[in-house]
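Trainee: I am new to this one. Could you walk me through the reasons behind the terms?

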Amino acid sequence: MSEGCRPFREQLGPLALGHLPDPEVASVRAHVDGCADCREELRALEEAAGALALVDPELLDEPLAPPRGLGDRIVSLVREERLLEQRRRRRRLTGLLAAAVLAGALAAVTLGIAHDPGVRVLLEPQRGGLEAIPARLVERPWGTEVRLEASGLPAGRYVVWLREPDDDRVPAGSFDAVADAGEVVLASALAIDGAVGIGVSEADGTTVLYGHLRD
Ligand SMILES: [Zn+2]
């Protein structure tokens, strides 16, 4: 928090709850309008205030007197919860993906369904001794199907991921490269539109191949 924000921070809670005296509202609003940090803080507080509004004060024994610092704690809890929920959602999806991909592959084989050609991207070597390999990304209702040509990679285990604009890696699975591995089919919960690139790394996380999708 910057020094300029300090006098306003304790007023954000009362403002969010509509308890700030009128004469002070204008100056706090003016600061919030010009300060992205305090705006984000106020937004989170208003979210928490919305939840508090659902509490019936009639059911409480004592008048409400929130302890100092409660606002900050609620804000960080809301943030953490949001991050955890995103991760949980991804993990759940990843579990379902293996089954979905298997079912999809079986259906494609038995029914001879024509495949969406998807987006083609060349994975460029990120270190010596490797050749570029072609990959294909196909949009699916559950995310992105990733197909890549594993022949020509040195033997070993590789991890495939899609890169988000904020540099987070969303896993698409892993595979063992063996001689004549052929095409490997993997799956990521991330939609193609959400990915800016696709990477292949070794088990220790070192990126060995990378394909750029968009800026
Ligand atoms: Zn501020």
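Mentor: Start with a pair of charged side chains. Glu202 and Arg127 meet in a salt bridge, at 2.8 Å from N to O. Keep in mind that this is a predicted model.

Trainee: Why is the contact of Glu202 and Arg127 called a salt bridge?

Mentor: The term asks for a side-chain nitrogen of Lys or Arg within 4 Å of a carboxyl oxygen of Asp or Glu. Here the N to O distance is 2.8 Å. That lies within the 4 Å limit, so the pair counts as a salt bridge.

Trainee: What does the pair of Glu202 and Arg127 tie together?

Mentor: Glu202 belongs to strand E7, while Arg127 sits in the loop between strand E1 (119–125) and strand E2 (133–140). The two parts are 75 residues apart in sequence, so the salt bridge ties them together.

Trainee: Are these two residues buried or exposed, or in between?

Mentor: In between. Buried means under 20% relative accessible area, and exposed means over 50%. Glu202 has 23%, so it is partly exposed. Arg127 has 37%, so it is partly exposed too.

Trainee: How many salt bridges does the structure hold?

Mentor: Ten. One of them joins Asp176 and Arg157, at 2.9 Å from N to O. Asp176 is in strand E5 (residues 169–177) and Arg157 in strand E4, 19 residues apart, so this pair links distant parts of the chain. Asp176 is partly exposed at 43%. Arg157 is partly exposed at 45%.

Trainee: Which residues are joined into one network by salt bridges that share partners?

Mentor: Arg140, Glu145, Arg147 and Glu183. Within that group, the closest N and O atoms of Arg140 and Glu145 are 2.9 Å apart.

Trainee: What makes Glu145 buried and Arg140 partly exposed?

Mentor: The 20% cut-off separates them. Glu145 has a relative accessible area of 7%, so it counts as buried. Arg140 has 23%, so it counts as partly exposed.

Trainee: Back to strand E7. How do you know that E7 is largely enclosed by the rest of the structure?

Mentor: Count its buried residues. E7 covers residues 197–202, and five of the six are buried, so the strand is largely enclosed.

Trainee: Which strands pair with E7?

Mentor: Strand E4 (residues 156–163) is joined to E7 by six bridges, and the two run antiparallel. Strand E8 (residues 207–212) pairs with E7 in the antiparallel sense over five bridges.

Trainee: What makes each of these a strand pair?

Mentor: Pairing needs at least two bridges. E4 and E7 have six, so they qualify. E7 and E8 have five, so they qualify. You can find the partners in the model. Val160 stands opposite Val200 in E7. Ser201 stands opposite Thr207 in E8.

Trainee: What lies between E7 and E8 in their hairpin?

Mentor: Four residues separate the strands. In this hairpin Gly205 takes a positive phi near 95 degrees.

Trainee: Now the metal site. Which protein atoms are the donors of the zinc ion?

Mentor: Cys5 (SG), His31 (NE2), Cys35 (SG) and Cys38 (SG). They lie 2.1 to 2.3 Å from the zinc ion. In sequence the donor residues are spaced C-x25-H-x3-C-x2-C.

Trainee: Why is the arrangement around the zinc ion called tetrahedral?

Mentor: Four donors count as tetrahedral if all angles lie between 85 and 135 degrees. Here the four donor atoms subtend angles of 99 to 117 degrees, so the arrangement is tetrahedral. The ideal angle for four tetrahedral donors is 109.5 degrees.

Trainee: What do Cys5 and Cys35 tie together?

Mentor: Cys5 lies in the segment before helix H1 (6–17). Cys35 is in the loop between helix H2 (22–34) and helix H3 (36–52). These parts are 30 residues apart in sequence, so the pair ties them together.

Trainee: Why are Cys5 and Cys35 called buried?

Mentor: Cys5 has a relative accessible area of 4%, and Cys35 has 11%. Buried means under 20%, so both qualify.

Trainee: Which residues of H1 are buried?

Mentor: Among them are Phe8, Leu12 and Leu15. Just after H1, Gly18 takes a positive phi of about 75 degrees.

Trainee: How many helices and strands does the chain have?

Mentor: Four helices and eight strands. Along the sequence the pattern is α-α-α-α-β-β-β-β-β-β-β-β. Of the 215 residues, 32% count as buried.

Conventions: Residues are numbered from 1 along each chain as its sequence is written. This is a predicted model: local features need pLDDT of at least 70, side-chain atom pairs count only at pLDDT 80 or more; totals for chains, interfaces and linings use all residues. Side-chain values use heavy atoms; hydrogens and water are left out. Donors are N, O and S atoms within 2.8 Å of the metal (3.2 Å for Na, K and Ca); water is not among the atoms, so sites may look incomplete. Four donors count as tetrahedral if all angles lie between 85 and 135 degrees; four count as square planar and six as octahedral if opposite donors are over 155 degrees apart and all others between 65 and 115; anything else is irregular. Buried means under 20% relative accessible area, exposed over 50%, partly exposed in between (1.4 Å probe, protein chains only).
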